[in-house]
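Here is a short note for a colleague opening this entry for the first time. The points below go from the protein interface to the DNA.

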2 protein chains.
Amino acid sequence: MPDRSTFLNHIAYDSVIIGFSGDKLKILLMEYHNTGLFALPGGFVGVNEDLNDAARRGLEERTGLTHIYLEQFYTFGNVSRHQPETMYTILKANGVDDREHWLLGRFISVAYYALINYKNVVPQPDALSDSCTWYSIDELPELIFEHSAIVNKAIETLRANLDRKLVGMNLLPEKFTMKDLQQVYEAILGKKLHRTAFQREMLGSGMLIRHDKQYNGKAHKAPFLYSFRERTLNQTG
Amino acid sequence: MPDRSTFLNHIAYDSVIIGFSGDKLKILLMEYHNTGLFALPGGFVGVNEDLNDAARRGLEERTGLTHIYLEQFYTFGNVSRHQPETMYTILKANGVDDREHWLLGRFISVAYYALINYKNVVPQPDALSDSCTWYSIDELPELIFEHSAIVNKAIETLRANLDRKLVGMNLLPEKFTMKDLQQVYEAILGKKLHRTAFQREMLGSGMLIRHDKQYNGKAHKAPFLYSFRERTLNQTG
DNA sequence: TCATTATTGTCTCAATTTGTAACAATAATA
DNA sequence: TATTATTGTTACAAATTGAGACAATAATGA
């Protein structure tokens with residue numbers, strides 16, 4: 001249980017951890033013990049810890065991965081977010097019955113999104129929650145606080161940032177086909193793209209390296225595998 | 001002097017208030033009494049106040065304007081930002097000699113930028129400062145905390161958002177010439193644009209309304225005045 | 001009154017980029 | 001060996017962009 005004296009009061013962070021599988025974006029959600037309440041993974045900022053470091057630490061604790069694309073995108077601070085009853089339910093379900101607990105106060109939440117290759121991840125529930133699982137972006141359960149709004153704004157931001165190239169490379173494995181890459185773009189933009197124009201643009205950008213072909217046992221021409229020329233990570237700050 | 005009990009501890013906001021005059025971007029800075037210290041205008045969040053409302057309230061107090069384009073763009077929370085000695089200097093210069101004052105604690109700062117027509121503004125110093133003045137973006141004095149980094153990131157964000165059209169309309173008066181508009185774009189992008197291509201793009205976008213000509217007494221063809229088709233304001237949140 | 005000056009609005013044309021389709025290449029299969 | 005389902009490349013029209021030419025003015029001043 002987080003201790004009041006080691007964290008900055010009134011400040012939290014929440015992370016929208018985004019993965020990609022086949023054709024859909026997925027998000028990591030936590031479910032709290034015996035409550036049926038779902039939330040984004042998040043945490044608090046140590047009194048001697050940089051804000052962005054705190055978010056990164058929390059992400060590592062949750063996913064076990066250390067070098068991850070993480071970007072701060074907005075800070076949520078509406079009074080209506082403050083739902084002490086909900087938080088009290090969670091605390092009580094964890095054996096903490098304290099009406100004066102510091103977590104019942106009002107918190108401002110700094111929101112981040114992370115992009116990861118979801119096959120590499122074994123989600124780790126924290127002390128308060130009993131599951132930490134991937135959910136498809138279009139089949140999310142109801143979330144506590146204003147976490148649904150946070151997810152929506154994360155997707156919106158991701159869309160707007162797609163052209164800055166950093167996105168695809170963090171959602172795919174080291175090597176991938178042109179079709180894989182196009183599916184990532186389509187999942188983010190929510191629309192179909194023209195195959196040959198997409199291929200031309202990607203090849204023309206010079207950001208891809210072509211490798212051997214991938215023989216996948218299907219009855220048609222085998223696609224090339226590609227990787228990104230340089231991995232750019234740790235965009236926080 | 002802000003009171004501890006009426007504001008959320010550890011949380012502040014700072015605003016980069018951007019105006020445009022002729023050919024340069026300008027920023028509002030405050031100078032604290034008898035200290036020679038410069039800072040961005042900022043403030044704190046009331047215990048029952050939405051974060052974005054707090055920033056807007058502070059902006060109104062500072063400029064006297066009520067309908068202003070205001071956008072949250074990043075939250076700064078590095079430990080190195082915490083400089084209690086600097087804050088103590090400011091407090092002491094204002095007659096507050098209290099080593100335990102709440103403002104000496106560590107603060108996370110949510111940063112906003114605002115776009116305004118700077119001719120409409122009469123800057124209002126607050127209780128702690130004795131001047132609140134426009135400075136050219138390329139002639140800023142040294143700023144306290146990490147306020148210089150905040151300014152840089154604001155300009156960077158503004159540049160990235162320029163294509164979303166909302167920018168120019170908030171930096172110019174109701175009616176303006178095509179040249180005025182081009183100068184705003186050039187000041188933000190930091191580079192010259194091709195006159196006729198710019199004109200074609202702006203006219204083609206359909207976002208401008210053409211009005212009468214402006215006879216400015218110069219020995220050449222008089223330019224048309226334009227206005228934006230719809231004013232879009234209050235983008236916070 | 002009339003040429004001069006500085007700037008504006010429009011037009012033209014080439015260069016580049018984009019949208020769309022055609023087509024040949026090729027792994028596996030029957 | 002023909003068939004099938006893709007993939008990589010090429011081709012070409014359509015649209016956009018870059019850069020300049022040029023005519024249309026407001027004021028000035030001879």
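1. A term first. A polar contact is a pair of N or O atoms within 3.5 Å; within protein, one must be able to donate a hydrogen and the other to accept it, and residues adjacent in sequence count only if both atoms are side-chain atoms. One case involves B:His220: a backbone N or O atom of this residue lies 2.7 Å from a base nitrogen of DNA strand D.

2. How to read the values. This is a predicted model, where local features need pLDDT of at least 70, side-chain atom pairs count only at pLDDT 80 or more, and totals for chains, interfaces and linings use all residues. Residues are numbered from 1 along each chain as its sequence is written, chains are lettered from A and ligands numbered from 1 in the order written, and side-chain values use heavy atoms, with hydrogens and water left out.

3. The protein interface. Chain B touches chain A through 26 residues on each side (contact means heavy atoms within 4.5 Å). The two chains bury about 2,000 Å² between them, 53% of it on carbon and sulfur atoms. Buried area is the accessible area (1.4 Å probe) that two parts lose on being put together, summed over both. B:Gln72, B:Tyr74 and B:Arg106 supply 24% of the area that chain B buries against chain A, more than any other three residues.

4. Polar links. Between chain B and chain A, 13 residue pairs are in polar contact, both residues at pLDDT 80 or more. The rule finds zero salt bridges across this interface (a side-chain nitrogen of Lys or Arg within 4 Å of a carboxyl oxygen of Asp or Glu).

5. Symmetry. A turn of 180° and a shift of 0.1 Å along the axis lay chain B on chain A with an RMSD of 0.1 Å (least squares on the C-alpha atoms of residues with pLDDT of at least 70 in both). That is the relation of a two-fold axis. The same surface serves both copies: 100% of the contact residues of chain B recur in chain A.

6. The DNA. Which residues are closest to DNA strand D? They are A:His220, A:Phe224, B:Lys213, B:His220 and B:Lys221, among 23 that surround the strand (a residue is near if one of its heavy atoms lies within 4 Å). Sugar and phosphate account for 49% of the strand D atoms that come within 4 Å of the protein.

7. Side chains at the DNA. A polar side-chain atom of A:Arg195 lies 3.0 Å from a base nitrogen of DNA strand D. For B:Lys213, such an atom lies 2.4 Å from a phosphate oxygen of that strand.
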